[in-house]
Amino acid sequence: SDVGSQKERVVTEEEWLEKWEMGNIGFHKEEGHPLLQKYLDVLLNGRSGLRIFFPLCGKAVEMKWLADMGHSVVGVEISEQAVKDFFSEHSLPYCEEPVPEISGAKMFQSTSGNISLYCCSIYDLSSSIIGKFDGVWDRGALIAVNPCDRQRYASLMISLVEKNSSYLLVTVSYDPNKHKGPPFYVPESEIKSLFG
Ligand code: SAH
């Protein structure tokens with residue numbers, strides 16, 4: 001199908017920050033995502049104590065859920081408000097420290113140590129900074145990335161996962177001529193070519 005109408009669309013970091021400031025965050029859900037519950041076994045694949053990555057994490061409640069199950073969660077989000085809201089809405093004490101490798105970036109970590117949220121652009125990260133992951137929950141992430149950045153995003157994500165990792169990806173299906181996005185429509189064929 002024709003995705004030409006969305007190809008050129010760019011949402012700037014400032015626009016995302018503004019969405020958070022204005023409370024224009026319809027993408028945030030208070031209930032855990034039903035597809036994570038449904039495919040949890042696929043993500044975990046019988047393993048425990050995994051390192052799980054949440055790209056473009058917002059204040060996704062699933063981070064708390066997986067951390068409570070004994071996994072170690074790492075997220076990245078450009079909005080500091082989102083990160084702080086996450087910890088305060090779950091009454092989790094946290095500390096905040098600079099990230100030496102990335103100028104201006106901060107890392108917010110729960111005092112218990114099992115949730116670390118990087119406040120910076122995902123494109124500033126690499127496996128030398130955050131390590132590699134056993135699992136990824138990609139909901140509202142690939143489909144929120146600007147279409148022109150998709151290849152870069154996918155290559156980065158591939159570089160951040162261990163060999164035996166599971167990657168759960170949620171996409172949306174709709175007529176891209178009727179909505180400018182985000183969320184963007186990413187056809188299955190493109191997902192295959194991005195991730196192989
Ligand atoms: N995955 C979350 C949020 C989805 S909305 C959820 O399920 O609720 C996309 C989020 O990505 C927004 O919170 C936005 O602030 C953030 N974002 C956009 N561009 C980003 C970038 N380059 N690096 C990190 N975060 C980004």
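Let's start with one residue, L56: with a relative accessibility of 26%, L56 counts as partly exposed, because that value falls between the 20% limit for buried and the 50% limit for exposed. Keep in mind as we go that this is a predicted model. You'll find L56 in the loop between β1 and α4. Its phi is near 45°, which is a positive value in a residue other than glycine.

L56 also takes us straight to the ligand. There are 15 residues around the ligand, and the closest are W20, L56, E77, I122 and R139. L56 meets the ligand through its backbone: a backbone N or O atom of L56 lies 2.8 Å from a nitrogen atom of the ligand. I122 also uses a backbone N or O atom, which lies 2.9 Å from a nitrogen atom of the ligand. With W20, look at the side chain instead: one of its polar atoms lies 2.9 Å from an oxygen atom of the ligand.

Now for the sheet. As a bit of background, strands of a sheet pair through backbone hydrogen bonds, and they can do so parallel or antiparallel. Here, seven strands make an open sheet with mixed pairing, and the order across it is β3-β4-β5-β2-β1-β6-β7. So what stands at the edges? Those places belong to β3 (94-98) and β7; each has a single partner strand, so one side of each has no neighbour in the sheet. On average, neighbouring strands of this sheet are turned by 20° against each other, if you ignore direction.

Take a look at the β3 edge. β3 and strand β4 (residues 106-110) run antiparallel and are joined by five bridges. Within this pair, E96 stands opposite F108 in β4. β4 is also the place of S110. Is S110 buried or exposed? Its relative accessibility is 2%, so S110 counts as buried. Leaving aside neighbours within four places in sequence, S110 is in contact with F87, P93, Y94 and I115. The side chain of S110 also makes a polar contact of 3.3 Å with the side chain of N114.

Next, the helices that go with this sheet, beginning with α3. Helix α3 packs on the sheet, where it touches β1, β6 and β7, and its direction makes about 165° with that of β7. Which residues of α3 (residues 34-44) are buried? They are L36, L40, L43 and L44. Around the axis they cover an arc of only 85°, which puts them on the same side of α3. These buried residues pack against β1 (51-54), α4 (62-68), β6 (133-139) and β7 (161-170). On the face of α3 turned away from the buried side, you'll see the exposed residues P34, K38 and D41.

Just after α3 comes N45, which sits in the loop between α3 and β1. Like L56, N45 has a positive phi in a residue other than glycine, here near 50°. At 55% relative accessibility, N45 counts as exposed.

Another helix to find is α7 (residues 150-159), which lies across β1, β6 and β7 and runs at about 135° to β7. Its buried residues are R150, Y153, A154, L156 and M157. Seen down the axis of α7, they fall within an arc of 160°, so they line one face of the helix. What covers them includes β1, β6, β7 and α8 (188-195).

The loop between β6 and α7 holds L142. This residue is buried, with a relative accessible area of 0%. What does L142 touch, leaving aside its neighbours within four places in sequence? It is in contact with R150, Y153, L169, V186, I191, L194 and F195. R150 and Y153 are among the buried residues of α7.

One last stop is the loop between β7 and α8, where you'll find P182 and P183. The peptide bond from G181 to P182 is cis, with omega near 0°. Another cis peptide bond joins P182 and P183, with omega about 0°.

Note on methods:
Residues numbered from 1 in each chain as written. Predicted model: local features only at pLDDT ≥ 70, side-chain atom pairs only at ≥ 80, totals over all residues. Heavy atoms only, no water. Buried < 20%, exposed > 50% of the residue type's maximum accessible area, 1.4 Å probe, protein only. Helix = DSSP H or I, 4+ residues; strand = E, 2+ residues; numbered from the N terminus. Arc of directions from axis to C-beta. Contact = heavy atoms within 4.5 Å. Pairing = 2+ DSSP bridges. Axes fitted to C-alpha atoms, helices over the stretch in contact; angles between N-to-C directions. Near = heavy atom within 4 Å. Polar contact = N/O pair within 3.5 Å; in protein donor to acceptor, adjacent residues only side chain to side chain.
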